[in-house]
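Please open the structure in your viewer and keep the selection tool at hand. The tour below proceeds stop by stop, naming what to select and what is found there.

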Amino acid sequence: MVDKKTASFMRSLCLGEIEEEILVPYPEPKVSEKETLQAIVGSLKAMLQPREKDFAAWDRAGELPLTFVQELREAGLFGLVVPEPHGGLGLGSTAYSRVIQELGRYDGSVAVTVGAHSSIGMRGLLLFGTDEQKARWLPKLATGELIAAFCLTEPGAGSDAAGIKTTAVRDGDDWILNGEKLWITNGGIADFFTVFAKTSLEGRGHITAFVVTRDMKGVSTGPHEDKMGIRASSTTTVVLEDVRVPNANVLGEAGKGFKVAMKILNAGRTGLGGGSVGGMKRLIELSVAQARDRVQFGRPIAAYGSVQQKLGQMVVDCYVSESVVNLVAGLADKGFEDTAVEAAISKVLASEGLWRTADEALQIAGGLGYMREMPYERAVRDCRINRIFEGTNDILRLFIALAAMNDVAEELKDLAASMKGVLADPVKGFGVLSDYAKRRASLATNLKREKGKWTLLAPAVAAEAAIFEDGARQLAIATDRMLRRHGKKIVEAQLPTRRLADVMIDLFALAATLGRVSTRVEDHGEDATTVEREILRTFARQARRRIDANLAGQDENEDEGIQALARHVLETGRYGWDNL
Ligand SMILES: Cc1cc2nc3c(=O)[nH]c(=O)nc-3n(C[C@H](O)[C@H](O)[C@H](O)COP(=O)(O)OP(=O)(O)OC[C@H]3O[C@@H](n4cnc5c(N)ncnc54)[C@H](O)[C@@H]3O)c2cc1C
């Protein structure tokens, strides 16, 4: 039986185990949820499809008109995740992500406005709010009378969120907040701010999450930022000057705000993933129409292999991203609590899939794609942010690999404890470690062989399942080797860590796609799933080649050379080989 509190497919995989019960059968929305979703998707289509020209105009103007924000309110889009008793639709993660997908299909700014409200702005209240706090704010958040924003980033603290400087000092029953938050989505239209502030002035950490509302004295927001993309969404500073916040507005435990922030971001990632998948679906449709219509050298460009390669890859990227995003959302709906690594993978995978898709869609459209009258350049600009906010993909890659390695290190620690300090002796210690490595290698190969095998998948996907098993075995060995090679210095070894993360991303994507296609085969038969099996086959082969290359790169690489070049240019401050 899988323990939903602690089980994590990827963490187990790094220890050589395929916890297939987590993935198979692949999660499907409930029938009742499907019906609700069909109704929502239908009405969103009617509402948003005719607005293409408006979206382009609002992008240029850099603002969503308040009348349109009102339309979003009236369409119920601010109540998607608010539980029904508080006046919302009470959608689960899968259904919510599907709605954001639909918004992402039409306009990035709209998807981000609704997404920032539901995914992160009010998520702290949903996850950590007391009954009293929920009763106080959720009904107004559901109608959009209050729009929510998530305020973590500051001028000096982006990726290093624990380094925030905004302070909250206790004063009787209140806290006095001072500081400045930067690039806050919905800043200009929000009245409900989830604000993170330091509640101890000593060192880092000791962060607390507060609900701050616009009507509090000392709260102000700056002008809209002039951005590259998602231009119509509101992004502003949020300034707090001696803002008196009652203790009743603390979310979760005082001093535990960093955990609150990370849980919110983790839960929010299926929204961003869903938006990315929606964007990909739309771009595929646009690219197909363009490739069919555009005639060059006497034939539609769709006839040419180079164009077909792009279209085919878009399909693979979209299907695989969708499989991962829906799986992660499905796990949250099933009550799995430890999905941080999987959610981070879904964000990286979907945001990069959309980026490639937007870039290639523009390429298929050629010069026309570069013109502002067409939707491609806006799509490229809009989707670039997905690789930056809610954790940059670079930081998330480090997180993905280090979180998994941490478990292996924990096992090492347990081993060390059981050896009663033998690790303190480097010579003996090495012997123990190499025994341990042998044990783990065999765990991944022979001894616990049944744990490194799929047993629940349809026979029709056996070849791809075997590719996965092989990759998983290699991952377990590679994780172990990395820890032995770098020891405590692992956190400094970012290049090998990135490669390991890329292996993990490919493996989770393959696992999710295997689970989905296998379940489809079981439900609909092989004939009805020919194209899906082709997608799986194609992705599995691509993934295998990347995994092999990344693992081979752990031993043979140019890391030292590349880092030496970086050091050189950092020292000189310029490119030094201009030939003039
Ligand atoms: C349009 C927009 C909307 C946003 N909305 C919100 C919002 O609603 N709420 C909110 O709180 N924030 C928001 N942000 C902020 C966003 O989350 C941050 O931009 C993001 O977390 C990255 O922080 P940074 O920009 O300060 O980059 P930095 O942290 O300065 O990073 C710069 C680069 O260095 C890399 N880097 C940093 N540290 C390391 C390291 N240790 N190892 C390796 N590489 C590293 C990063 O990956 C990145 O490539 C928004 C930003 C934008 C642009």
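## A guided tour by selection

Begin with K281, which counts as buried because its relative accessibility is 18%. The model on screen is predicted, and every stop below should be read with that in mind.

**Stop 1: from K281 to E322 and R516**

Keep K281 selected and add E322: their side chains meet in a salt bridge, with 2.6 Å from N to O. K281 belongs to helix 9 and E322 to helix 10, so this pair ties together parts of the chain that are 41 residues apart in sequence. E322 is also buried, its relative accessible area being 12%.

Which further residue should be selected to find a salt bridge with the side chain of E322? It is R516, and here the N to O distance is 2.9 Å. This pair links distant parts of the chain, since E322 is in helix 10 and R516 is in helix 16, 194 residues apart. Both E322 and R516 are buried.

In general, side chains of opposite charge can pair when their charged atoms come close.

**Stop 2: R282 and E52**

Next, select R282 and E52. Their side chains form a salt bridge with an N to O distance of 3.5 Å. R282 lies in helix 9 (residues 257-293) and E52 in helix 3 (residues 52-61), so the contact ties together parts that are 230 residues apart in sequence.

Are the two partners buried or exposed, or in between? R282 counts as buried, because its relative accessibility is 18% and the limit for that class is under 20%. E52, at 26%, counts as partly exposed.

Now extend the selection to D107, R378 and D382. Salt bridges with shared partners join these three residues, together with E52 and R282, into one network. For the structure as a whole, the count comes to 38 salt bridges.

**Stop 3: the second largest pocket**

Select E28, P29, K34, R98 and N326. Of the 18 residues that line the second largest pocket, these lie nearest its centre. The space in this pocket is about 500 Å³.

To see the surroundings, colour helix 2 (31-48), helix 5 (93-106), helix 10 (305-334) and helix 16 (494-524), the elements that each give two or more residues to the lining of this pocket. Which helix gives the most to the lining? Helix 16 does, with five residues. Sorted by class, the lining of the second largest pocket has eight charged, five polar and five nonpolar residues.

**Stop 4: backbone geometry in the loops**

As background to this stop, most peptide bonds are trans, and most residues other than glycine have a negative phi.

Select V24 and P25. The peptide bond that joins them is cis, with omega about 0°. P25 is placed in the loop between helix 1 (9-14) and helix 2.

Move to I230, which is not a glycine but has a positive phi, near 30°. I230 sits in the loop between strand 6 (219-221) and strand 7 (235-246). With a relative accessible area of 5%, I230 is buried.

Then select E390, another stop for backbone inspection. Its phi is positive, about 55°, although E390 is not a glycine. E390 is located in the loop between helix 12 (376-384) and helix 13 (393-418). It counts as buried, at 16% relative accessibility.

**Stop 5: helix 11, inside and at the surface**

Select I345, a residue of helix 11. I345 counts as buried, since its relative accessibility is 0%. Add R397 and display the C-alpha atoms: those of I345 and R397 are separated by 7.9 Å, although the residues are 52 apart along the chain.

Finally, follow helix 11 (residues 340-370) to L368. At 34% relative accessibility, L368 counts as partly exposed. What do L368, Y370 and M371 form together on the surface? The three make up a nonpolar patch whose combined accessible area is about 330 Å².

Key. Residues are numbered from 1 along each chain as its sequence is written. This is a predicted model: local features need pLDDT of at least 70, side-chain atom pairs count only at pLDDT 80 or more; totals for chains, interfaces and linings use all residues. Side-chain values use heavy atoms; hydrogens and water are left out. Patches are made of residues with over 30% relative accessible area and no salt bridge: like charges are joined within 9 Å, nonpolar side chains (Val, Leu, Ile, Met, Phe, Trp, Tyr) within 5 Å. Accessible areas come from the Shrake-Rupley method with a 1.4 Å probe; for residues, only the protein chains shown count as cover. A salt bridge is a side-chain nitrogen of Lys or Arg within 4 Å of a carboxyl oxygen of Asp or Glu. Helices (H or I, at least four residues) and strands (E, at least two) are DSSP runs, numbered from the N terminus. Buried means under 20% relative accessible area, exposed over 50%, partly exposed in between (1.4 Å probe, protein chains only). On a 1 Å grid over the protein atoms alone, a cavity is a set of points where a 1.4 Å probe fits but cannot get out, and a pocket is an open set with protein on both sides within 12 Å along at least five of seven lines; lining residues have an atom within 4 Å of a point. Grid points are joined across faces, edges and corners, and a volume is the space filled by probe spheres set on the points. Ala, Val, Leu, Ile, Met, Phe, Trp, Tyr, Cys and Pro count as nonpolar, Asp, Glu, Lys and Arg as charged, and the others, Gly among them, as polar.
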